[in-house]
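Let's take a walk through this one together. Have the model open and ready to rotate as you read.

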There are 4 protein chains.
Amino acid sequence: MNQAIGHKRWAIAEGYIPSYGNGPEPAFTSHETACILNTSDLDAHIKIWIYFEDRDPIGPYQETVQAKRTKHLRFNNLKEPEPVPLDTDYASVIESDVPIVVQHTRLDSRQAENALISTIAYPVAI
Amino acid sequence: MNQAIGHKRWAIAEGYIPSYGNGPEPAFTSHETACILNTSDLDAHIKIWIYFEDRDPIGPYQETVQAKRTKHLRFNNLKEPEPVPLDTDYASVIESDVPIVVQHTRLDSRQAENALISTIAYPVAI
Amino acid sequence: MNQAIGHKRWAIAEGYIPSYGNGPEPAFTSHETACILNTSDLDAHIKIWIYFEDRDPIGPYQETVQAKRTKHLRFNNLKEPEPVPLDTDYASVIESDVPIVVQHTRLDSRQAENALISTIAYPVAI
Amino acid sequence: MNQAIGHKRWAIAEGYIPSYGNGPEPAFTSHETACILNTSDLDAHIKIWIYFEDRDPIGPYQETVQAKRTKHLRFNNLKEPEPVPLDTDYASVIESDVPIVVQHTRLDSRQAENALISTIAYPVAI
């Protein structure tokens, strides 16, 4: 299983990080995650662009997912070129130099009991 | 990243807006959302049709998602040609003149703790 | 928008109807739904097979989704050839004579606060 | 409906089994499931690899899903070559010798009220 699987570009049209939460941190911090799987035997160099409703996109954020590794990347932790604003609708495009698989998950802990969503991201044909 | 990505037609077979909710509005109003991402450098002119169990579809509702922008469109806010009825099963078809990506999300706050769903919409090959 | 969109065969690998729930019925009855959208101008004649872990599949269950209509079909309500057993893992295959779109949703109200899942079903290439 | 449907390789980029939960076991044990549907008339011999953030993948785990059967496989129950670690981000690749359909579900019962996610897995073109 050293074969690269997936696509080199993915899109996630949903995005929203609540600014508050309940429960022990960091597990129960409200967060939004792009789960990235790189099955290839080459490191994946990832670029992420964040799109908004009312201003130009920002990016690229740059990350590396090592060969034969997964990384569950919290949008909350993206810092450069600037943190992703909270309580703000956004969307994202994720590009890689090797094929990857991307799944999108949010934990929303604004209320006493957490809520979860997850969906496969949109694989872009290129 | 000025390339248009996605499809020009999408379908969401699930649809249901609860008529009540709990928690501070509008964040915790029960709502149903089509998250739309337009990465192209042209505005996307969107038409939406709503399908029902027992009457003819209504539409098109018309929206614009500007170039390089996302819009998280609440079905609750569609007004013309008529509001989407609450507590009613529906489905939707979304068309655009440029490729877009669509993800479907619902926040159901009928009970004390909210529940969330999200899924990529169905990209129609045309 | 009289065009038929979607696939003629879909699969849902997840299936489980909890045998109990909380909250006002039928909205909060624990249930599992196949949301079906038929945008064509022909009625869709649907056949559903249910697969189990330890016995032969049962079916076909037969339903009709009228032209330009959606039907949010609760597996709980399937009666012929036999009701879908509760508290039992199952999967389903849905076939139609015209293209349809299928989305899978469950409301689990076993606890005081309901939980929801939803995902696009798997469109089978045929 | 004896036709094989689906793909022979699937990927799930999200994976995380909480180490604790609430509610009667095993139904409310926090768990992560790969729901597998085998509609063919041949048994499906399944191999699963688990990928991590910081060490080499482990596997293959081996399972059989009989002809015309579904199996809702809990990652919690995988034992050989070693149990899947709890409270740890992972991803998975699932291979079969006949086409199958895979859907991913998690029940998170860490808090008083459970949360659920589900999504179709990523079907790999091979």
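By class, how many nonpolar, polar and charged residues does the lining of the largest pocket have? Keep in mind that this is a predicted model. The lining has 23 nonpolar residues and five polar ones, and no charged residues turn up there. The space in that pocket comes to about 740 Å³. Its lining is made up of 28 residues, and the closest to the pocket centre are Pro123(A), Pro123(B), Tyr122(C), Pro123(C) and Pro123(D). In terms of strands, β8 (122-123) of chain A, β8 (122-123) of chain B, β8 (122-123) of chain C and β8 (122-123) of chain D each put at least two residues into the lining.

Now step back and look at chain A by itself. It has eight strands and zero helices, so if you trace the elements from the N terminus on, you read β-β-β-β-β-β-β-β. Of its 126 residues, 59% count as buried. Take the chain A contacts with a separation of 6 or more: 72% of them come from residues 24 or more positions apart.

Over in chain D, find Ser118(D), which sits in strand β7 (residues 115-120). Is Ser118(D) buried or exposed? With a relative accessible area of 3%, Ser118(D) is buried, because anything under 20% falls in that class. For a sense of distance, try Phe75(D): it is 43 residues from Ser118(D) along the chain, and the two C-alpha atoms are separated by 14 Å.

Next, the charged pairs. Over all chains, the count comes to 16 salt bridges. One of them pairs Asp56(D) with Arg69(A), at 3.2 Å from N to O. Asp56(D) is in the loop between β3 (44-52) and β4 (58-65) of chain D, while Arg69(A) is in strand β5 (residues 69-74) of chain A, so this pair joins two chains. Arg69(A) counts as buried, at 14% relative accessibility.

Another salt bridge stays within chain D: Glu95(D) and Arg9(D), whose closest N and O atoms are 2.7 Å apart. Glu95(D) belongs to strand β6 (residues 90-108) and Arg9(D) to strand β1 (residues 7-12), so the pair ties together parts that are 86 residues apart in sequence. Both Glu95(D) and Arg9(D) are buried.

For a different setting, turn to chain B, where Lys71(B) forms a salt bridge with Glu63(B) and the closest N and O atoms are 3.4 Å apart. Here Lys71(B) is partly exposed, with a relative accessible area of 26%. Glu63(B) also counts as partly exposed, at 22% relative accessibility.

That leaves the cysteines. How many disulfides are there over all chains? The count comes to zero. As a reminder, a disulfide is a covalent bond between the sulfur atoms of two cysteines. Why does Cys35(A) not take part in one? The closest cysteine sulfur to that of Cys35(A) belongs to Cys35(B), and at 18 Å it is too far for a bond; the cut-off used for a disulfide is within 2.5 Å. Chain D tells a similar story: the sulfur of Cys35(D) has its closest cysteine sulfur in Cys35(C), 18 Å away, which is too far for a bond. Cys35(A) counts as buried, at 0% relative accessibility, and Cys35(D) is buried at 0% as well.

Methods
Residues are numbered from 1 along each chain as its sequence is written. Chains are lettered from A and ligands numbered from 1 in the order in which they are written. This is a predicted model: local features need pLDDT of at least 70, side-chain atom pairs count only at pLDDT 80 or more; totals for chains, interfaces and linings use all residues. Side-chain values use heavy atoms; hydrogens and water are left out. Helices (H or I, at least four residues) and strands (E, at least two) are DSSP runs, numbered from the N terminus. Buried means under 20% relative accessible area, exposed over 50%, partly exposed in between (1.4 Å probe, protein chains only). On a 1 Å grid over the protein atoms alone, a cavity is a set of points where a 1.4 Å probe fits but cannot get out, and a pocket is an open set with protein on both sides within 12 Å along at least five of seven lines; lining residues have an atom within 4 Å of a point. Grid points are joined across faces, edges and corners, and a volume is the space filled by probe spheres set on the points. Ala, Val, Leu, Ile, Met, Phe, Trp, Tyr, Cys and Pro count as nonpolar, Asp, Glu, Lys and Arg as charged, and the others, Gly among them, as polar. A salt bridge is a side-chain nitrogen of Lys or Arg within 4 Å of a carboxyl oxygen of Asp or Glu. Contact means heavy atoms within 4.5 Å.
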